Amino acid sequence: MSTTDADSIPPAAAIRQIDPNVKAEIDLVAERMRLTLVEVEGEANAALLHNLAWLRERLLWHVHGQADLGRVLVATSANGEVIGHTLLRREFTEDKQGYGLFATTYVTPASRRYGVASQLLNAGEQWFLQHALTSAATWTSSTNLKLISLYKGFGYAIIESGNNEVTNTLMVKLARTFPAAPDAS
């Protein structure tokens with residue numbers, strides 16, 4: 001491998017909680033939440049769903065909400081640049097069973113295919129497990145084949161589908177149950 005090839009491979013990302021005191025970081029992740037919608041739904045449909053102000057408020061709910069209900073994780077490069085994020089939250093089924101939801105995940109195009117999304121998914125699952133959640137899920141467009149493939153690689157399966165009420169996009173829900181921890185007795 002030449003030096004040029006080695007230089008083009010970014011080092012493993014560091015995963016941390018977003019800094020709620022850094023407005024630029026909050027704004028950057030909110031904008032990338034919008035970019036996720038654009039990638040999945042297209043620009044016109046993304047505009048129908050949520051504006052940037054709503055996305056920022058949703059992000060802030062995850063940052064400032066109750067610590068056990070939501071979390072925002074960011075992936076940073078060696079130089080501290082935010083190269084990805086995921087929003088996590090605790091959701092409840094109709095029968096009051098808690099589960100973890102990956103609300104959105106985004107990795108910058110230049111940082112894709114280097115395992116950043118996998119690191120975010122692993123860190124998210126760890127947060128869910130720390131909060132005694134035994135399963136996790138995410139929703140995405142049926143055309144978001146890269147994300148579907150990522151989650152399937154982690155043992156998720158499509159368990160539900162339905163059209164987005166606003167854009168009529170076919171959405172799929174991927175979910176998995178975590179293996180039970182070994183009994184310590």
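This is a chat about two pockets and one helix pair in a predicted model.

Colleague: What should I know about the model before we start?
Modeller: It is predicted, so local features need pLDDT of at least 70 and side-chain atom pairs count only at pLDDT 80 or more, while totals for chains, interfaces and linings use all residues. Residues are numbered from 1 along each chain as its sequence is written, and side-chain values use heavy atoms, without hydrogens and water.

Colleague: What volume does the largest pocket have?
Modeller: About 1400 Å³. A pocket here is an open set of points on a 1 Å grid over the protein atoms alone, where a 1.4 Å probe fits, with protein on both sides within 12 Å along at least five of seven lines. The volume is the space filled by probe spheres set on the points.

Colleague: Which residues are the closest to its centre?
Modeller: Thr36, Thr104, Trp139, Thr140 and Leu147, out of 48 that line the largest pocket; lining means an atom within 4 Å of a point. Strand E4 (residues 98-107) gives the largest share of that lining, eight residues.

Colleague: And the second largest pocket, what volume?
Modeller: About 180 Å³. It is lined by 13 residues, and Thr93, Gln97, Gly98, Tyr99 and Ser135 are the closest to its centre. Strand E5 (135-141) supplies the largest share of this lining, three residues.

Colleague: Switching topic: how do H2 and H4 cross?
Modeller: The axes, lines fitted to C-alpha atoms over the stretch in contact, of H2 (residues 23-41) and H4 (residues 52-64) come within 9 Å and cross at roughly 120°. The two helices are therefore oblique to each other, since that class takes angles outside under 35, 65 to 115 and over 145 degrees.

Colleague: Which residues meet there?
Modeller: Among them are Ile26, Val29 and Met33 in H2, and Leu55, Leu59 and Val63 in H4, where contact means heavy atoms within 4.5 Å.

Conventions
Helices (H or I, at least four residues) and strands (E, at least two) are DSSP runs, numbered from the N terminus. Axes are lines fitted to C-alpha atoms, for helices over the stretch in contact, and angles run from 0 to 180 degrees between N-to-C directions.
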